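Please work through the exercises below with the sequence and the coordinates open beside you, and attempt each task before reading its solution.

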Amino acid sequence: MAGVSLGSELALDHDVVLLEAESSLGVHSTGRSAALFLSGYGPPPVRELTRRSEAAFARLSDLPGVPALLRPRGGLFTAWDEPAAAALAATVSRRPTMTVPTADRVRELCPVLRVDDVVACAFDEDVRDIDVAALHGHYATALRRRGGRITTGARVVGATRSGSGWEVRTADGRTWRADAVVNAAGAWGDRVAELCAGIGHGLSPRRRTVVVARTSAPVPADWPVVAEAGEAWYFRPEGGALLMSPGDETEVPPGDVHPDPLDVALVLERVNAATTLDLRGVRTSWAGLRTFTPDRAPVVGPHPEEPTLFCFVGQGGYGIQTAPALAEVGAELFRTGTLADTALAAAIDPDRTRVLVAEELARPASPRSPA
Ligand SMILES: Cc1cc2nc3c(=O)[nH]c(=O)nc-3n(C[C@H](O)[C@H](O)[C@H](O)COP(=O)(O)OP(=O)(O)OC[C@H]3O[C@@H](n4cnc5c(N)ncnc54)[C@H](O)[C@@H]3O)c2cc1C
C-alpha cells in the first residue's frame, strides 16, 4: 500500500518506478490486513493521520469507477474485569463517538455474546470496513495512468550513491538510476535503509494472526466488530463465517510469516469463552506483519544520513486506514521538505528514530528467569 499510494502522488510530477520484490503486489501486509478503519486507534500522530484520511477516503470514493471505500460496521468493545472496565470508561469519556449500550442493545448487536459475564461495554459507531483491494487498485492504476511504472520480481539488493543520485541493483541483475530513492519496504524497511544509508529506524516487525472459523449457522453480515477492550481478541463477520484474531504481536524477522498453531488455538478458546458460538473448525488462517517503530508512529521524510533517501515505513497496524493522508503528507514532505503542520512533521520525522533507538539500547535488559 505504501509504495503505490505515495508513488501515485509523486507520479503527478516525477518519473516514478516502483520496484517490488515479489511477482505481484500486495502479497505481504497489505493483502493480509483485517481491513478495518478505527478512528480511535493508535498514538496521537496516527489518530491525526486517520482523521485526515477520512476526508481523503470520501474524496477518492467520489471518483468515477471507485466504489465506497469505507462502509459502516460499528465496534462493540467489551471489558471482562474491573480494571478493564475502568480503562474502557476512561476511553468512552474521551471519545464522542462512543456510547454505553444497554444489555438489551448489546444482545441485539451480538446475540452470541455472554452478556451476563461482561463487566462493561462500549459501542463505537466510528468503526468502518475498508475496501482494501479497491483502494490499492485505485493507487496502482493512478500511478500507471500518470506515467509511472510498476516492476515486479525486482528485489532491491544494493544501492550506491552515484553523482547526485543513486544506482540501485535488483536481484535479477538489473541496475536502475534515480535522483532519489523512496524506502516503502514495509517489514523490510530497516534492511533497505541499511543497504542505502547504513542505518535503520529500529523497526520491529510483529506477527499478527487471523483465523476464519466455521460456525454452525451463517454469521449475519451486520454484526459489528466485537473486541476485548485490551485487544486480547476480536471478531467480525466475513462472508457468513467469523474472522477473528488473538491480537498477537510476536516479534519476528521480516519474511513470509505463517500462523503459529498455538495462536490459532488461543483465539478459538478466547472467543468460545466470550460467546455461545462453540467454534470447533477453522476454514482458513493466515498471519502477517505489523511493523512498528518504538513510538508506534510512522517514519516519513528524508533519511538523516542520506537526504535523497526518503523514508516511508513504520505504518504498524494502521497502514491501510492512514494510507490516503500518509501519501499526501509524504508527497508534500518529498517535494518541499516541510509540512504546514509542524507538530505532525516532528512526530513522524525519521531523525527522531535515532534517539528512540539509542534509548532502547540504553535500557537495562529485563531479568531472565532461571529456566
Ligand atoms: C493481520 C493484520 C491485520 C491488519 N489490520 C489492519 C487494519 O485493520 N487496518 C489498517 O489500517 N491496517 C491493518 N494492518 C496493517 C497494514 O496491513 C499495514 O500497515 C500495511 O499493509 C503496510 O503496508 P506496506 O506497503 O508498508 O507493507 P507491505 O504491504 O508489506 O508492502 C511492502 C512491500 O515491500 C516489498 N519489499 C520488501 N523488501 C523489498 C526489496 N528489497 N526490494 C523490493 N521490494 C521489497 C515487499 O515484497 C512488500 O510487497 C494489519 C496488518 C496485519 C498483518
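The exercises concern helix packing, cysteines and one loop residue.

The model is predicted, so that local features need pLDDT of at least 70 and side-chain atom pairs count only at pLDDT 80 or more, while totals for chains, interfaces and linings use all residues. Residues are numbered from 1 along each chain as its sequence is written, and side-chain values use heavy atoms, with hydrogens and water left out.

**Exercise 1.** Describe how helix α1 packs against helix α5.

Solution. Helices are DSSP runs of H or I with at least four residues, and strands are runs of E with at least two, numbered from the N terminus. Axes are lines fitted to C-alpha atoms, for helices over the stretch in contact, and angles run from 0 to 180 degrees between N-to-C directions. For α1 (residues 2-10) and α5 (residues 132-145), the axes come within 8 Å and cross at roughly 40°. The two helices are therefore oblique to each other, given that angles under 35 degrees count as roughly parallel, over 145 as roughly antiparallel, 65 to 115 as roughly perpendicular and the rest as oblique. With contact taken as heavy atoms within 4.5 Å, Gly3, Val4, Ser5, Gly7 and Ser8 of α1 meet His136, Tyr139, Ala140, Ala142 and Leu143 of α5.

**Exercise 2.** Do the analysis again for α1 and helix α8.

Solution. Here the axes lie 9 Å apart and the helices, α8 spanning residues 323-336, pack at an angle of about 50°. This pair is therefore oblique as well. On the α1 side the contact involves Ser5, Leu6, Glu9 and Leu10, which meet residues of α8 including Ala327, Phe334 and Arg335.

**Exercise 3.** How many disulfides does the model contain, and why is cysteine 110 not bonded?

Solution. A disulfide is a pair of cysteine sulfur atoms within 2.5 Å, and by this rule the count is 0. The closest cysteine sulfur to that of cysteine 110 belongs to cysteine 121 and is 9.4 Å away, which is too far for a bond. Likewise, the sulfur of cysteine 196 is 9.5 Å from its closest counterpart, in cysteine 311, again too far for a bond.

**Exercise 4.** Is arginine 280 buried or exposed?

Solution. Buried means under 20% relative accessible area, exposed over 50% and partly exposed in between, with a 1.4 Å probe and protein chains only. Arginine 280 sits in the loop between α7 (261-274) and β18 (282-292), and because its relative accessibility is 68%, arginine 280 counts as exposed. By contrast, cysteine 110, at 0%, counts as buried.
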